[in-house]
Amino acid sequence: MDESSESTTHFGNRTVPEAEKAGLVRGVFSSVASRYDLMNDLMSAGVHRLWKDAMMDWLAPRRGQRLLDVAGGTGDIAFRFLRRAKSARVTVLDLTEPMLAEGRARAEKAGVSAQIDWVVGDAMALPFEDASFDVYTISFGIRNVTRPEAALREAFRVLRPGGRLMVLEFSRIPTPMLQWAYDRYSFNVIPAMGQAVTGDRESYQYLVESIRRFPDQERFAAMIRDAGFENTAFRNLSMGIAALHSGWKI
């Protein structure tokens with residue numbers, strides 16, 4: 001048995017073999033794909049849209065840029081990027097084909113299909129050449145990657161010199177009482193909501209657990225620096241419920 005087959009990781013609060021996590025994550029998002037955007041609106045009372053707009057404000061897309069949006073599923077980030085940089089080109093990569101199918105349908109309705117490529121792939125082994133993109137984004141996806149540090153190294157590899165990484169992910173509220181209250185909401189309300197809306201409580205239980213297992217702002221910022229990025233910074237959103245992380249390939 002080789003070393004990788006013996007390694008374990010977390011899937012929510014469960015410990016699983018590393019080799020199994022991608023399949024488990026694929027199962028979660030295949031199950032919820034058709035109601036994914038609706039559930040995001042319900043869980044965050046629509047605030048996730050403001051967080052994604054804040055991501056674009058800091059990113060400041062420019063004409064002609066090439067964006068790789070990883071775990072981009074239904075296309076939220078791709079569409080926002082193209083609205084601000086109309087001549088840009090976007091590649092959306094996701095582990096789950098049903099999520100990409102939702103995104104392709106939305107792109108056709110929005111009339112931007114010609115500017116977006118949809119690719120099934122793994123964030124830890126991107127099917128692209130070195131220095132292929134100007135911008136790399138991942139929104140609420142890196143906590144689902146088996147080895148986030150490997151995904152960050154791949155992001156660094158496929159970015160051109162001068163390219164930018166931006167990650168939007170759930171994080172930690174620095175005030176303990178507020179974090180306690182948010183945890184009570186997350187663990188008691190969100191899985192029940194998932195059951196009511198999608199018929200799938202278990203997937204949303206995993207998503208809540210995965211948020212709590214993800215590193216806090218400072219630890220994740222250190223992981224970005226370790227991957228080779230410079231001029232790193234982060235901004236808390238909604239008191240730290242989510243955070244934006246930025247880094248540059250210099």
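Let's start with a residue you can easily find from the outside: Met239 has 54% relative accessibility, so it counts as exposed, the cut-off being over 50%. Keep in mind as you look around that this is a predicted model. Met239 sits in the loop between β8 and β9, and its phi is positive, about 70°, even though Met239 is not a glycine. Why bother pointing that out? Most residues other than glycine have a negative phi.

Stay in that loop for a moment. The hairpin of β8 and β9 has four residues between the strands, and one residue there, Ser238, takes a positive phi near 50°. The two strands of the hairpin, β8 and β9, run antiparallel and are joined by six bridges. If you want a pair to look for, Glu230 stands opposite Trp248 in β9.

Now zoom out to the sheet that these strands belong to. Seven strands make up an open sheet, and if you walk across, you meet them in the order β5-β4-β3-β6-β7-β9-β8, with mixed pairing. Which strands stand at the edges? They are β5 (116-120) and β8 (230-237), and each has a single partner strand, so one side of each is left without a neighbour in the sheet. On average, neighbouring strands of this sheet are turned by 15° against each other, direction ignored.

You can see both kinds of pairing here. Strand β7 (residues 159-170) and strand β9 (residues 242-248) run antiparallel, with seven bridges joining them; in that pairing, Val167 has His245 of β9 as its bridge partner. Over at β3 and β4, the pairing is parallel and takes in five bridges. There, Leu67 has Val90 in β4 as its bridge partner. Strand β3 is also mostly covered, with four of its five residues buried.

Next, look at what lies over the sheet. Helix α6 (residues 97-110) lies across β4 (89-94) and β5, and runs at about 170° to β5. The loop between β4 and α6 is where you'll find Leu95. Leu95 is a nice example of how a chain folds back on itself in space: Leu95 and Val119 are 24 residues apart in sequence, yet their C-alpha atoms are 8.5 Å apart. Leaving aside its neighbours within four places in sequence, Leu95 is in contact with Ala22, Val25, Arg26, Val120, Gly121 and Asp122.

Time to look for empty space. How many cavities of 30 Å³ or more does a search of the whole structure find? The search finds one, and about 430 Å³ of space lies in it. Its lining is made by 31 residues, and those nearest the centre are Ala71, Gly72, Asp94, Gly141 and Asn144. Elements that give two or more residues to this lining are α2 (18-32), α3, β3 (66-70), α5 (76-84), β4 and β6 (133-139). Sort the lining residues by class and you get 15 nonpolar, 10 polar and six charged.

Just after β6 there's another residue with an unusual backbone angle to check. Phe140 is in the loop between β6 and α7 (148-158), and its phi is near 55°, a positive value in a residue other than glycine. Is Phe140 buried or exposed? Its relative accessible area is 8%, which is under 20%, so Phe140 is buried.Finally, turn to the largest pocket, which has a volume of about 340 Å³. Lining this pocket are 21 residues, with Met43, Ser44, Trp51, Phe170 and Tyr182 nearest its centre. The elements that give two or more residues to the lining are α3 (36-44), α4 (47-59), α8 (176-198) and α9 (201-213). By class, the pocket lining has 15 nonpolar, five polar and one charged residues.

Met43 is worth a visit. This residue is found in helix α3, and its C-alpha atom is separated by 9.8 Å from that of Tyr185, although the two are 142 residues apart along the chain. Neighbours within four places in sequence aside, Met43 is in contact with Tyr185, Ile190, Met193 and Tyr204.

Our last stop is Ser186, which has its place in helix α8. With 2% relative accessibility, Ser186 counts as buried. Once its neighbours within four places in sequence are left aside, Ser186 is in contact with Pro191 and Val208.

Conventions: Residues are numbered from 1 along each chain as its sequence is written. This is a predicted model: local features need pLDDT of at least 70, side-chain atom pairs count only at pLDDT 80 or more; totals for chains, interfaces and linings use all residues. Side-chain values use heavy atoms; hydrogens and water are left out. On a 1 Å grid over the protein atoms alone, a cavity is a set of points where a 1.4 Å probe fits but cannot get out, and a pocket is an open set with protein on both sides within 12 Å along at least five of seven lines; lining residues have an atom within 4 Å of a point. Grid points are joined across faces, edges and corners, and a volume is the space filled by probe spheres set on the points. Ala, Val, Leu, Ile, Met, Phe, Trp, Tyr, Cys and Pro count as nonpolar, Asp, Glu, Lys and Arg as charged, and the others, Gly among them, as polar. Two strands pair if DSSP finds at least two bridges between them. Axes are lines fitted to C-alpha atoms, for helices over the stretch in contact, and angles run from 0 to 180 degrees between N-to-C directions. Contact means heavy atoms within 4.5 Å. Buried means under 20% relative accessible area, exposed over 50%, partly exposed in between (1.4 Å probe, protein chains only).
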